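Reader: I am new to this structure and would be grateful for a guided introduction. May I put some questions once it is shown?

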Amino acid sequence: MATQLKNLSDFSHTTIPNGSAFKIAIAVAEWNAEITGSLYNGALQTLLNNGVLAENIVSIAVPGTFELTSAADILLQKHKDLDAVICLGCVIQGETRHFDFICDAVAHGITQVSVKYSKPVIFGVLTTNDQQQAIDRAGGKHGNKGDEAAITALKMAELVATI
Ligand code: DLZ
């Protein structure tokens with residue numbers, strides 16, 4: 001039977017699914033560690049606050065954001081029972097084109113991994129012009145994008161489980 005969606009304007013505050021049945025991995029980049037550490041703490045606490053058991057959270061650190069693609073791939077290869085992977089990183093614009101290459105590679109990379117395994121791989125990567133913009137989004141005046149990445153992981157895991 002076809003299901004009907006509610007009015008789209010209702011969706012910004014849809015309830016966060018309970019995560020007690022889910023196993024979720026977090027891959028976090030060490031570059032800009034003061035920022036990514038805040039993203040990680042936010043994501044971890046949000047998962048725990050929403051019922052994910054501590055023993056069902058797998059956390060790994062990788063050197064930089066570029067490595068998040070292979071981290072997600074390795075996690076999904078080794079842990080077949082994962083429901084989602086959250087990728088956390090922070091790339092800050094510099095004087096060279098490194099920023100563009102890293103952002104482009106990780107955005108495409110984790111998309112490919114997600115499609116390869118048919119599992120949610122969440123893009124929790126800050127791509128900012130400067131350090132202040134990153135601080136503002138890692139527990140500052142624009143909230144914590146690590147929290148948002150964790151909520152997205154829970155919603156997508158629930159979607160996979162119920163679709
Ligand atoms: C090399 C590099 C540079 C210049 N900037 C960042 C950054 O702002 N954020 C980040 O997470 N990583 C950076 N990296 C490291 C790359 O992600 C990667 O670890 C290296 O290029 C080795 O593959």
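Reader: In what order do the elements of the protein run from the N terminus on?

Author: The model discussed here is a predicted one. The protein has 5 helices and 6 strands. From the N terminus on, these elements follow the order β-α-β-α-β-α-β-α-β-β-α.

Reader: What is the radius of gyration of the protein, and what does the globule rule give for 163 residues?

Author: The protein is as compact as a globular protein of its length, because its radius of gyration is close to the value from the globule rule. Its C-alpha trace spans about 55 × 35 × 30 Å along the principal axes. The radius of gyration is 16 Å, and the rule gives 15 Å for 163 residues.

Reader: What share of the contacts with a separation of 6 or more is made by residues 24 or more positions apart?

Author: Of the 163 residues of the protein, 41% count as buried. As for the contacts in the protein with a separation of 6 or more, residues 24 or more positions apart account for 78%.

Reader: Where does UniProt place the feature "active site", and is that residue buried or exposed?

Author: The unreviewed UniProt entry places this feature at H98. H98 is found in helix α3, which covers residues 98-117. A residue with 12 or fewer other C-beta atoms within 10 Å is classed as exposed. H98 has 12 C-beta neighbours inside 10 Å and therefore counts as exposed.

Reader: How far does helix α1 reach from its first C-alpha to its last?

Author: Helix α1 comprises residues 33-49, a total of 17 residues. Its buried residues include I35, L39, Y40, L44 and L47. At 1.5 Å a residue, a reach of 24 Å is expected, and the value for α1 is close to this, at 23 Å.

Reader: Which residue with a positive phi follows α1?

Author: The phi of this residue is near 95°. The residue is among those that G19 touches. Its name is G51.

Reader: Is G19 buried or exposed?

Author: G19 lies in the segment before β1 (24-29). The cut-off for a buried residue is 20 or more other C-beta atoms within 10 Å. G19 has 26 such atoms within 10 Å, so G19 is buried.

Reader: Which residues does G19 touch, not counting residues up to four places away in sequence?

Author: One of them is V52, which is 33 residues from G19 along the chain, yet the C-alpha atoms of the two are separated by 4.5 Å. Another is L47, one of the buried residues of α1. The full list is L47, N50, G51, V52 and L154.

Key
Residues are numbered from 1 along each chain as its sequence is written. This is a predicted model: local features need pLDDT of at least 70, side-chain atom pairs count only at pLDDT 80 or more; totals for chains, interfaces and linings use all residues. Helices (H or I, at least four residues) and strands (E, at least two) are DSSP runs, numbered from the N terminus. The radius of gyration is taken over C-alpha atoms; the globule rule is 2.2 Å times the number of residues to the power 0.38. Two residues are in contact if their C-beta atoms, placed from the backbone, lie within 7 Å. UniProt positions are given in the numbering used here, feature names are shortened, and annotations may be inferred rather than shown by experiment. The expected span of a helix is 1.5 Å times one less than its number of residues.
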